[in-house]
Amino acid sequence: MARGPPPPPPAGGGGSAPPPPRPPARAGGGPPPAAAFPAWRDTPISKRAAILFRAAQLLEDRADSVARELTREEGKGLALARDEVLRSAQTIRFYAVEGQSFTGETFVNDDPDMVVYSQREPLGVVTVISPWNFPISIPARKIAPALITGNTVVFKPSSDAPLTGYRLTEAFVEAGLPPGVLNFVTGPASKVGQAITTAAAVRAISFTGSTAAGEQIHRGAGLTTRTQMELGGKNPLIVLADADLDRAVELAVKGGFSLSGQACTGTSRLLVDRKVLAAFTDKLLARMRKLTIGNGLEGNFDLGPLATRKQLDTVLSYIALGKQEATHLIGGERLDGPGFERGYYVTPALFTDVTQQMRIAREEIFGPVLALIAVDGYDEAIACANDTEYGLSAAIATSDARYAHRFARDIQAGTVKINRTTTGNLINAPFGGLKSSSTSTFRESGRVGLEFYTQIKTVYRAG
């Protein structure tokens, strides 16, 4: 396993913390979100869009500084952090445009003296709760559609990455967002999270995080509060016997180890046809031995640190479990030698002889751990891939178009990739999971991401 040079400043947990954010814009006495809602709802759509455009430009102008803070706070490489900031600006612009044409319909009817049409209206106060692994892009794709459709927002970022979320809020406020429209709050989920999800004024909750936490929020929401939950995953990559194995290895490495495995759409199960299992495994091991690990501020490494001590302990516990359940091939060591003392670094791990009944094949690890499962052909691969409570993302490596088409139909996942990694999604395409990976109601991202933040009225007008 190749290792980068010792990282002087820590990343992903330890050492000098980023400078504390300034008090939130509303702390000076702005109105609460429910009181701010009527004026924001009635603000012309072109003015709301102009504010979003300015916020996007501010983020772009500050991309380098925000990216450095993101890397220090969460641990991903500087290039990935900068891409995330720029992607967030692009997302905000997308909704500034799409929101201006998101409207209702006119319906034909038999009465020549009557016009029937629907109109979309904002809900009111919405709550956004986002995780630490994408601390700016995930809240951007929730907050931007909420604002452009006329809602006011209560935004709670993860307590493990609050500064990056604050920089997003700061950009919106400096762009001209009126006081009380976007409200930044921090604190423990057990107290703050409950307060901002069960309050009577909250009409909608958009949450990304663990399935257990999502279920709790969903159960606690009232009858008039809608929920949008993007939760856990145990995402498979199927490698058929006809696949280009070199390409399949790259899909496994990128999907499983980018962001140090800390992505809800990250690859965690490799379902490989027994005919090519040995060759695929050899190629994957050779590729893993070349991976580099280091501080994202100091170089372009393949893996950075895990984000928190809690995440480190979780990943190491699953690695220890995997050594009991399956055959350990490589990786899984904690790097704590010179230069690595203050970061949560773990070498990527690979296990083989894994079965569907093992915990490392069934439970979300959220770290750089891959489980190799041997299958006999496409049908068994699909059965294994679907044998999980989750259904977020899934991919297949094949050169046979027939299997590609069948896979898109047969797989139980909201995001389907063919000869692509399980990770990644377009800002203009819907994103969401099936089964326990989502509430399977409203999708995020793309134009459909606006639907969650609006309600429909149908108007019958005569005369």
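**Exercise 1. A salt bridge with buried partners**

Task: In this predicted model, determine whether R141 and E444, which form a salt bridge, are buried or exposed, and state which parts of the chain the pair links.

Solution.
Step 1. Both R141 and E444 are buried.
Step 2. The two residues form a salt bridge in which the closest N and O atoms are 2.7 Å apart.
Step 3. R141 belongs to helix α5 (residues 137-148), while E444 lies in the loop between β18 and β19. The pair thus links distant parts of the chain, 303 residues apart.

**Exercise 2. Another link to the loop between β18 and β19**

Task: Identify the parts of the chain that the salt bridge between R447 and E98 ties together, and classify R447 by its accessibility.

Solution.
Step 1. The side chains of R447 and E98 meet in a salt bridge, at 2.7 Å from N to O.
Step 2. R447 lies in the loop between β18 and β19 and E98 in helix α4 (residues 78-98), so this pair ties together parts that are 349 residues apart in sequence.
Step 3. Buried means under 20% relative accessible area and exposed means over 50%, with partly exposed in between. R447 has a relative accessible area of 32% and is therefore partly exposed.
Step 4. The structure holds 21 salt bridges; the pair of R447 and E98 is one example of a salt bridge.

**Exercise 3. Accessibility of R402 and D400**

Task: Using the relative accessible areas, decide how R402 is classified and how D400 is classified.

Solution.
Step 1. The side chains of R402 and D400 meet in a salt bridge of 2.8 Å, N to O.
Step 2. R402 has a relative accessible area of 62%, so it is exposed.
Step 3. D400 has a relative accessible area of 17%, so it is buried.
Step 4. A further set of residues, D379, R406, R409 and D410, is linked in a network of salt bridges.

**Exercise 4. The surroundings of T149**

Task: Describe where T149 lies, why it counts as buried, and which residues it touches.

Solution.
Step 1. T149 is located in the loop between α5 and β4 (152-156).
Step 2. Its relative accessibility is 9%, and therefore T149 counts as buried.
Step 3. The side chain of T149 reaches the backbone oxygen of P145 at 2.6 Å.
Step 4. Not counting residues up to four places away in sequence, T149 touches R48, P122, L450, Y453 and T454.

**Exercise 5. The sheet of 3 strands**

Task: Give the strand order of the open sheet of 3 strands and name its edge strands.

Solution.
Step 1. The order is β1-β2-β19, and the pairing is antiparallel.
Step 2. β1 (106-107) and β19 (454-462) each pair on one side only, and are the edge strands.
Step 3. Strand β2 (residues 114-122) is joined to β19 by 9 bridges. Across this pairing, V115 stands opposite R461 in β19.

**Exercise 6. The sheet of 7 strands and its helices**

Task: Establish which strands stand at the edges of the sheet of 7 strands, and which strands α10 and α13 meet.

Solution.
Step 1. The open sheet has the order β10-β13-β14-β9-β8-β16-β17, with mixed pairing.
Step 2. β10 (327-330) and β17 (415-418) stand at the edges with a single partner strand each, so one side of each is left without a neighbour in the sheet.
Step 3. On average, neighbouring strands of this sheet are turned by 20° against each other, direction ignored.
Step 4. β16 and β17 run parallel and are joined by 4 bridges; A395 stands opposite K417 in β17.
Step 5. Helix α10 (residues 277-288) lies across β8, β9, β10, β13 (349-352) and β14, running at about 145° to β9.
Step 6. Helix α13 packs on the sheet and touches β8, β9, β14 and β16, with its direction at about 160° to that of β9.

**Exercise 7. Buried residues in two helices**

Task: State how many residues of α13 are buried, and list the buried residues of α11.

Solution.
Step 1. Helix α13 (residues 377-386) is mostly covered, with 7 of its 10 residues buried. These are G377, Y378, A381, I382, C384, A385 and N386.
Step 2. Among the elements against which the buried residues of α13 pack are α14 (401-410) and β18 (434-435).
Step 3. Helix α11 (residues 309-325) has 17 residues and reaches 24 Å from its first C-alpha to its last, close to the 24 Å expected at 1.5 Å a residue.
Step 4. In α11, the buried residues are Q311, L312, V315, Y318, I319, L321 and G322. They pack against β11 (334-335), β12 (345-346), β13, α12 (359-362) and β14.

Methods
Residues are numbered from 1 along each chain as its sequence is written. This is a predicted model: local features need pLDDT of at least 70, side-chain atom pairs count only at pLDDT 80 or more; totals for chains, interfaces and linings use all residues. Side-chain values use heavy atoms; hydrogens and water are left out. Two strands pair if DSSP finds at least two bridges between them. Helices (H or I, at least four residues) and strands (E, at least two) are DSSP runs, numbered from the N terminus. Buried means under 20% relative accessible area, exposed over 50%, partly exposed in between (1.4 Å probe, protein chains only). Contact means heavy atoms within 4.5 Å. A salt bridge is a side-chain nitrogen of Lys or Arg within 4 Å of a carboxyl oxygen of Asp or Glu. A polar contact is a pair of N or O atoms within 3.5 Å; within protein, one must be able to donate a hydrogen and the other to accept it, and residues adjacent in sequence count only if both atoms are side-chain atoms. Axes are lines fitted to C-alpha atoms, for helices over the stretch in contact, and angles run from 0 to 180 degrees between N-to-C directions. The expected span of a helix is 1.5 Å times one less than its number of residues.
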